[in-house]
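Reader: I would like to go through the salt bridges, the disulfides and the enclosed space of this model. Please keep the answers short.

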Amino acid sequence: MLPLRLPLLFLLVSVALCQYDDYDYQPASRHGPSGPNCHQDCDCPYNFPTAMYCDSRKLKFVPVVPAGIKYLYLQNNLIEEIKAGVFDNVTDTLRWLILDNNQISNAKIEKGTIDKLSALEKLFFSNNNLTEPVIPPSKSLDELKIMHNQLSKFPSGLLSDKENLTSVNVQYNQLTSDAIVGAFKGLNKMLSLDVSHNKLKKLPAGVPGSLEILYADNNEIESVGAGYLGKLPLLQSLRLSHNKLVDSGIPAGVFNVTSLVELDLSFNQLKSIPEINENLEQLYLQANEIEKFELTSLCKYVSTTSFSHLKHLRLDGNMVTHSSMPPESSNCLRVASDIIFE
């Protein structure tokens, strides 16, 4: 089996970092005097003159952005509204807009602001008061983060022209399965989708076949559609922990796909180990109700070339122990370095 691909590893790290207020887009140094093309309440370092840092200034409004600015940092303020005209000088040049940790609501975003940004590549809008997504017209958008808001709807077609979008993160909102029907359809370059901590009862429909990472932890999902993963031939990481999955909601072989490297089904209500593919490397089943160690779920056939590639298997918090493993387990799980029962 091929090792974990670098694009997936990069995305896994990126998704992990997005949980924190840690922006890895800043230049190496932010010291020294501010350049002349800068708003008085912000800093524009001489060594990075196209960036304007207005973060952590207790600002209540977005300042007027001067021409030439491509990277705008406004996180950790008290901003409640975005007034018309503030982006007029950079409508076709602004690439990154960071608005995390403010108090912005949809009603306080005036027309002629974000809806005019035609070159935006990254929009970070987490920890605000949005009830629906705010999407720029830019076809260059490649990363969208609207975490920790109050999103209750994500209209179909809102992202339909975002041909370069690779990552969407909308965790910690109020989205239901019906609210996101068709929301991610047609995004043929999307690699990562995080819909964790919402109110989904099923996995999002219509996600593109290009997807490599899908996180849907902490929802209300009870089942996985029989052909769902068959439509995602490149999917390598699927996380479904803290849902309501039961055995009857897991069709035979639904997780037996060659692309998966990581599968997290922990903190559900499963009574048996689901069938997986021999290529899977990480399987998390802790805190379920598993009663029996079924080796056939992990290995259909065992030979010199056919065996499970599982490296990490967690079964703690279930009703099985190490003694539950049949004697032939060592042949099946010959590369496992970490099997946890307690």
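Reader: With which residue does Asp-88 form a salt bridge?
Author: The model is a predicted one. The closest N and O atoms of the pair are 3.2 Å apart, which is inside the 4 Å cut-off for a salt bridge. The partner of Asp-88 is Lys-116.

Reader: Where in the chain do Asp-88 and Lys-116 lie, and how many residues apart are they?
Author: The salt bridge links distant parts of the chain. Asp-88 is in the loop between β2 (71-73) and β3 (96-98), and Lys-116 is in the loop between β3 and β4 (122-124). The two are 28 residues apart.

Reader: Is Lys-116 buried, partly exposed or exposed?
Author: Buried means under 20% relative accessible area and exposed means over 50%. Lys-116 has a relative accessible area of 37%, so the residue falls between these limits. Its partner Asp-88, at 42%, is in that class too. Lys-116 is therefore partly exposed.

Reader: Which strands does the salt bridge of Lys-122 and Glu-143 tie together?
Author: The side chains of Lys-122 and Glu-143 meet with N to O at 3.0 Å. The residues are 21 apart in sequence, so the pair ties together separate parts of the chain. Lys-122 belongs to one strand and Glu-143 (in residues 143-145) to another: β4 and β5.

Reader: Is Glu-143 buried or exposed?
Author: The limit for a buried residue is under 20% relative accessible area. Lys-122 meets it at 12%. Glu-143 has 9% relative accessibility, and therefore counts as buried.

Reader: Which residues are joined with Lys-122 into one network of salt bridges?
Author: The network arises from salt bridges that share partners. One of its pairs is Lys-122 with Glu-143. Joined with Lys-122 are Asp-142, Glu-143 and Lys-145.

Reader: How many salt bridges does the count come to?
Author: Another pair besides those above is Asp-316 with Arg-314, at 2.6 Å from N to O. In that pair Asp-316 is buried, with a relative accessible area of 14%, and Arg-314 is partly exposed, with 28%. The count of salt bridges comes to twelve.

Reader: What is the pairing of the bonded cysteines, numbered in sequence order?
Author: The structure holds three disulfides. Cys-38 is joined to Cys-44, Cys-42 to Cys-54, and Cys-299 to Cys-332. In sequence order, the pairing is 1-3, 2-4, 5-6.

Reader: Why is the disulfide of Cys-299 and Cys-332 right-handed, and how many residues apart are the parts it ties together?
Author: The torsion about the S-S bond is about 85 degrees, so the link of Cys-299 and Cys-332 is right-handed. Cys-299 lies in the loop between β11 (282-284) and β12 (312-314), while Cys-332 lies in helix α2 (residues 329-332). Cys-299 is buried at 7% relative accessibility, and Cys-332 is buried at 0%. The parts tied together are 33 residues apart in sequence.

Reader: How many charged residues are in the lining of the largest cavity, and which residue is charged?
Author: A search of the whole structure finds one cavity of 30 Å³ or more, and about 30 Å³ of space lies in it. The lining consists of Ser-177, Ile-180, Val-181, Lys-202, Leu-203, Pro-204 and Ala-205. By class this gives five nonpolar, one polar and one charged residues. Lys counts as charged, so the one charged residue is Lys-202.

Note on methods
Residues are numbered from 1 along each chain as its sequence is written. This is a predicted model: local features need pLDDT of at least 70, side-chain atom pairs count only at pLDDT 80 or more; totals for chains, interfaces and linings use all residues. Side-chain values use heavy atoms; hydrogens and water are left out. On a 1 Å grid over the protein atoms alone, a cavity is a set of points where a 1.4 Å probe fits but cannot get out, and a pocket is an open set with protein on both sides within 12 Å along at least five of seven lines; lining residues have an atom within 4 Å of a point. Grid points are joined across faces, edges and corners, and a volume is the space filled by probe spheres set on the points. Helices (H or I, at least four residues) and strands (E, at least two) are DSSP runs, numbered from the N terminus. Buried means under 20% relative accessible area, exposed over 50%, partly exposed in between (1.4 Å probe, protein chains only). A disulfide is a pair of cysteine sulfur atoms within 2.5 Å.
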